[in-house]
Amino acid sequence: MIRVVHHPDYVAPAPARSTYQWNKNGLVRDLLRAQGAGIEWHQPDPMPRRWIEAVHEPGYVAEVIELAVPPEKARRIGFPITAEVATRAQAVPGGTYLAARLALEHGFAANTAGGSHHALADTGAGFCVFNDLAIAANRLVEEGAAARVLVVDCDVHQGDGTASLLAGRPGFATYSIHADKNFPVRKARSTLDVPLADGVGDDEYCAVLAETLVPLVDGFAPDLILYQAGVDPFAGDRLGRLALTREGLVRRDRWVATLARDRGIPLASALGGGYGDDAMEVSERHVTSILTLGGVFAG
């Protein structure tokens, strides 16, 4: 049984002038529903405002919720903040938080959205409004559900917002393996950053991942891993600069899940990045990721 978190508000109508694939979350939901009885569905509550404000500046949170985001911030995010987008932005962190709580209880759970790792304290960026990874991690530690949370970010883009928001806070470590020359131009400092040259493929990627992540996991000894499972390291991704095959993405996810399972560390995944002209193809990459991760714990 794979526990999957989804909220209807994840599927929001596309704002004007947006290039983000707003139908992706609905397609992921539908493809997972087709799996039948192997999926146990959970619906999250929206993240309370005070928990968002524990990570983001209250003024920015107010701008989003009150639909008053300045044009320059909207440009940095990549789309205007409509009422539906603001509602979605509050639902997604609640989903990552619920996935984490389910993982602590059952070993693994997945959110069908999230991984919004570019959002910073006072602004969103790169299609990210609120940073669900940092918000959920902070709430888990503050509540005492976990003492140490490790965010493992395998998106092709560096998790700059997560690194920035969690830096200096006790109980957190951040890991990012990403294409060095990709967005964002100005990188933050994670606990451990692993920048890769353009065109890195399956074997080199998986070898470097194992070489760098195992010492961090063993040294930090987290109570929970939040996994940003972006599928944009794929060679055919529109915004990627790496060269993983579909089989390479499966190898990556199976290895991360096996590492967590074998060390008794609960794992909660967020969707992360994945881009292309064919929304169904992108969604299938995400679904394969969730099923691969969940299969390791189910097996």
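Which residues is F108 in contact with, leaving aside its neighbours within four places in sequence? In this predicted model, the list is I2, R3, A103, L267, S269, I290, L293, G294 and F297. F108 itself is found in strand β3, residues 108-111. F108 has a relative accessible area of 4%, so it is buried. Another position gives a sense of distance: P195 is 87 residues from F108 in sequence and 27 Å from it in space, C-alpha to C-alpha.

Now step back to the whole chain. The protein chain holds ten helices and eight strands. Its C-alpha trace spans about 45 × 45 × 40 Å along the principal axes. A compact globule with 299 residues would have a radius of gyration near 19 Å, and the protein chain has 17 Å, so the two agree. Of the 299 residues, 60% count as buried. Contacts across the sequence are well represented. Among contacts in the protein chain with a separation of 6 or more, 76% come from residues 24 or more positions apart.

The surface comes next. The accessible surface of the protein chain is about 11400 Å², and carbon and sulfur atoms account for 50% of that. The charges follow. There are 28 positive and 36 negative side chains. The centres of these two sets lie 1 Å apart.

Then the interior. In soluble globular proteins, nonpolar side chains tend to be buried together. Here the largest nonpolar core has 48 residues. V64, F79, I81, V129, F130, V149 and L226 have the most contacts inside this core. Helix α5, residues 83-106, supplies its largest share, with ten residues. A second core, separate from this one, has 44 residues, and A173, L242, L244 and V296 are among them.

Take V149 as a way into the packing. Not counting residues up to four places away in sequence, V149 touches A137, V141, G171, F172, A173, F220, L224 and L226. One of these partners, L226, is also listed with V149 among the residues with the most contacts inside the largest core. Another partner, A173, is included in the second core.

Move to the start of the chain. K24 lies in helix α1, residues 24-33. Is K24 buried or exposed? K24 has a relative accessible area of 2%, so this lysine counts as buried. What covers it can be read from its contacts. Beyond its neighbours within four places in sequence, K24 is in contact with L271, G272, G273, G274, V282, S283 and H286. One of these partners is far along the chain: G274 is 250 residues from K24, yet their C-alpha atoms are separated by 9.2 Å.

Next, the backbone. Most residues other than glycine have a negative phi, and most peptide bonds are trans. Several places in this model depart from that pattern. L67 is not a glycine, but its phi is positive, about 60°. L67 is found in the loop between α3 (58-65) and α4 (71-77). Its relative accessibility is 43%, so L67 counts as partly exposed. Not counting residues up to four places away in sequence, L67 touches A62, I81, T82, A83 and A86. I81 is also named among the residues with the most contacts inside the largest core. T162 lies elsewhere: it is 95 residues from L67 along the chain, and their C-alpha atoms are separated by 24 Å.

A221 is another residue with a positive phi, about 50°, although it is not a glycine. A221 lies in the loop between α8 (202-220) and β7. Its relative accessibility of 36% means that A221 counts as partly exposed.

The peptide bonds hold an exception too. The bond from F183 to P184 is cis, with omega near -5°. P184 is found in the loop between β5 (172-179) and β6 (192-196).

One more loop residue completes the tour. G240 sits in the loop between β7 (224-228) and α9 (246-262). Which residues does G240 touch, not counting those up to four places away in sequence? They are V156, N182 and D232. N182 is 58 residues from G240 along the chain, and the C-alpha atoms of the two are separated by 7.5 Å.

Technical notes: Residues are numbered from 1 along each chain as its sequence is written. This is a predicted model: local features need pLDDT of at least 70, side-chain atom pairs count only at pLDDT 80 or more; totals for chains, interfaces and linings use all residues. Side-chain values use heavy atoms; hydrogens and water are left out. A nonpolar core is a set of buried Ala, Val, Leu, Ile, Met, Phe, Trp, Tyr and Cys residues joined through side-chain atoms within 4.5 Å. Buried means under 20% relative accessible area, exposed over 50%, partly exposed in between (1.4 Å probe, protein chains only). Helices (H or I, at least four residues) and strands (E, at least two) are DSSP runs, numbered from the N terminus. Contact means heavy atoms within 4.5 Å. The radius of gyration is taken over C-alpha atoms; the globule rule is 2.2 Å times the number of residues to the power 0.38. Accessible areas come from the Shrake-Rupley method with a 1.4 Å probe; for residues, only the protein chains shown count as cover. Lys and Arg count as positive and Asp and Glu as negative; His and the chain ends are not counted. The place of a charge is taken as NZ of Lys, CZ of Arg, CG of Asp or CD of Glu.
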